[in-house]
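Colleague: I am new to this structure and should be grateful for a close look at a single part of it. Please begin with one pairing and work outwards from there.

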Amino acid sequence: MEISLNDKAMYEFFQREAKDIFAEFCGRQDGENGLPVCRMTQEGISKIYSSLQVIYSKEEAAQEVCLIDNVYEILSSFVEIKGMEHLLVNNYAAIENGIFLEHSAQGEPGRIREHYKHQFRNAYLGLLFLRDFHLDDCIADCVMDKKNEYAYLILAAISGDNQRYQLKEIIYKSFLVSALFHDVGYPLAYYFRMADEIHQFAPFFKIVNPAVKTVFAEIKAMLNNSWLFRTVEHDEIRKKYDRDDHGCLSAISFLMNFYFSGVIYSLDPKKQCIVEMAAVAIYKHTNQYHKNKRMIFSQDPVSYFLRMCDDLQEWQRFLVRIEDTRNYLRCAGCGKIIRPSQEDPCVYQCRCGKQFQKITRMENKKMNYIDICNGMRIRNDEDRLDIYLEYDCYRLLELMLSDYEAVIYRDRGLKTVENMFQCQKYLPQIRLHYFLSNNPAEIINEMCMQSDISNEELSDWLNSQEHMPDLKHFFSLCMEYLNTQQFGERIEQNTVRYAQAAKTFTEQFLGEIHSLWQYLKV
């Protein structure tokens with residue numbers, strides 16, 4: 001079996017399939033004998049739709065509102081935990097608009113990727129893993145074997161016959177809840193950062209109360225009976241709380257929604273288990289592991305699974321940067337990049353002689369959406385899962401021009417994920433496949449490797465492009481530089497030696513690169 005994942009498929013999944021997964025556990029269809037199905041109010045929809053349009057297109061904002069509505073129905077009809085809907089329908093998207101544009105007092109960008117939509121993508125990815133690739137059985141086997149303290153707590157919430165069936169219900173629902181709300185504390189972390197900046201602003205001295213954050217002792221007193229505080233060292237939680245770790249803030253905020261109101265004590269054991277297990281998973285998804293330590297599936301399979309999905313969800317996830325970069329315009333005649341004139345920056349000219357004049361006089365900076373992964377594929381083969389992250393080669397080249405080191409950090413994160421997959425009892429063998437590079441020769445070679453175009457066809461095409469005389473020269477240079485490592489390794493960390501050369505080559509031949517990319521992707 002092979003499944004391709006992207007946003008379009010996600011919208012269809014929550015519209016057509018997701019409800020059936022949870023309806024099966026309840027033994028009924030939507031709205032039958034469950035909690036009354038609460039519909040999103042027109043005012044609520046309007047606010048979310050308007051705030052989403054700041055960053056997303058109208059069409060995408062509308063699709064996302066439909067997605068929220070579908071998930072809202074699942075929570076109301078099948079998860080049936082009072083108060084959960086407040087966590088889903090709120091002004092998170094409006095706050096995130098501010099987070100996207102956040103810069104420190106030193107002018108450094110926050111470099112924070114989007115999280116609101118990412119939470120829905122996590123839920124979608126995990127539900128496919130559970131249902132279609134049978135990771136629900138892996139988690140259930142681990143719990144039934146009682147290999148950790150959470151297994152005893154989960155099994156204690158199950159009574160009667162069909163224990164494995166009830167266990168799977170808890171697995172699906174606790175994962176769904178943890179995925180949907182694992183980053184719910186990000187706005188709170190943002191608020192604390194902004195409070196620190198505001199408190200340093202002299203005119204506000206003694207006007208704004210600096211004690212914006214509840215002391216940890218009060219948090220502990222409120223949540224002392226929760227699974228999180230019963231199974232995790234309090235000093236560890238306090239340290240994460242003190243440094244505004246968003247996983248810790250998310251878990252505490254999530255639990256407070258049920259403990260402060262007292263709702264947690266009115267829930268039956270199974271629903272209480274779902275809330276408690278989700279909170280633990282939310283807390284642990286930001287745990288850091290040093291030296292030879294790593295997350296172990298058998299010690300806490302639900303938390304491991306959330307972390308796994310969170311680290312793998314790459315497709316169409318972006319961060320926003322405000323930069324002085326410009327659009328690259330390509331001449332339709334000779335294929336070269338049209339550049340501003342050195343004498344007059346308002347005049348753009350091409351090497352072939354054509355000139356264009358910029359008539360807008362307002363100065364501006366450009367807001368760039370940094371997104372380099374188009375989709376994801378999952379394939380199973382007997383006892384092995386192959387996961388393919390489909391990074392876009394042309395976008396990697398664009399990213400290199402503005403942020404040469406970005407892929408270094410991303411590759412480091414994926415290496416951690418690969419290490420997490422090794423030798424995990426109960427799980428199948430999982431292999432991660434992806435291509436990342438900040439080496440233009442390597443990226444262009446990968447473009448050719450990914451294409452169905454043969455070497456002979458490519459050679460014939462290069463010879464036929466007489467209107468672009470530099471095309472053949474560019475391609476031969478690229479192959480030469482690939483063999484001589486002119487730009488270093490595939491992922492080069494020596495920015496002093498190689499970064500400028502790589503950027504200069506890419507910018508000089510960007511017109512030719514784009515023509516080649518268009519031909520190869522057809």
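**A sheet and its setting**

Modeller: Arg339 stands opposite Gln349 in β5. The model is a predicted one, in which local features need pLDDT of at least 70 and side-chain atom pairs count only at pLDDT 80 or more, while totals for chains, interfaces and linings use all residues. Residues are numbered from 1 along each chain as its sequence is written, and side-chain values use heavy atoms, with hydrogens and water left out.

β4 and β5 run antiparallel and are joined by two bridges. Strands (E, at least two residues) and helices (H or I, at least four) are DSSP runs numbered from the N terminus, and two strands pair if DSSP finds at least two bridges between them. Six residues lie between β4 and β5, which form a hairpin.

On one side, strand β4 (residues 337–340) pairs with β3 over two bridges, again in the antiparallel sense. In that pairing Arg330 stands opposite Ile337 in β4. The hairpin of β3 and β4 also has six residues between its strands, and there Gly335 takes a positive phi near 85°. On the other side, strand β5 (residues 347–349) is joined to β6 by three bridges, and these strands run antiparallel. Val347 stands opposite Gln357 in β6.

Taken together, these pairings give an open sheet of four strands in the order β3-β4-β5-β6. Its edge strands, β3 (329–330) and β6 (355–357), each pair on one side only.

Earlier in the sequence, the loop between α17 (301–312) and β2 (319–323) contains Arg317. This residue is buried and has no salt bridge; Glu114, the nearest side chain of opposite charge, is 4.3 Å away. Buried means under 20% relative accessible area, exposed over 50%, and partly exposed in between (1.4 Å probe, protein chains only). A salt bridge requires a side-chain nitrogen of Lys or Arg within 4 Å of a carboxyl oxygen of Asp or Glu. As for charge, Lys and Arg count as positive and Asp and Glu as negative, while His and the chain ends are not counted. The backbone oxygen of Glu114 does lie 2.9 Å from a polar atom of the Arg317 side chain. Leaving aside residues up to four places away in sequence, Arg317 touches Arg113, Glu114, His115, His118, Arg121, Ile370 and Asp371, where contact means heavy atoms within 4.5 Å.

Gln316 lies in the same loop, between α17 and β2. Its phi is positive, about 55°, although Gln316 is not a glycine. Most residues other than glycine have a negative phi. Gln316 is partly exposed, with a relative accessible area of 25%.

Helix α17 also helps to cover another element: together with α7 (116–132), α9 (149–156), α10 (163–181) and β9 (384–391), α17 is included in what covers the buried residues of α8. Seven of the ten residues of helix α8 (residues 135–144) are buried, so this helix is largely enclosed by the rest of the structure. The buried residues are Leu135, Asp136, Cys138, Ile139, Ala140, Cys142 and Val143.

As for the whole, the protein chain has 24 helices and ten strands. Of its 522 residues, 52% count as buried.

Conventions: A polar contact is a pair of N or O atoms within 3.5 Å; within protein, one must be able to donate a hydrogen and the other to accept it, and residues adjacent in sequence count only if both atoms are side-chain atoms.
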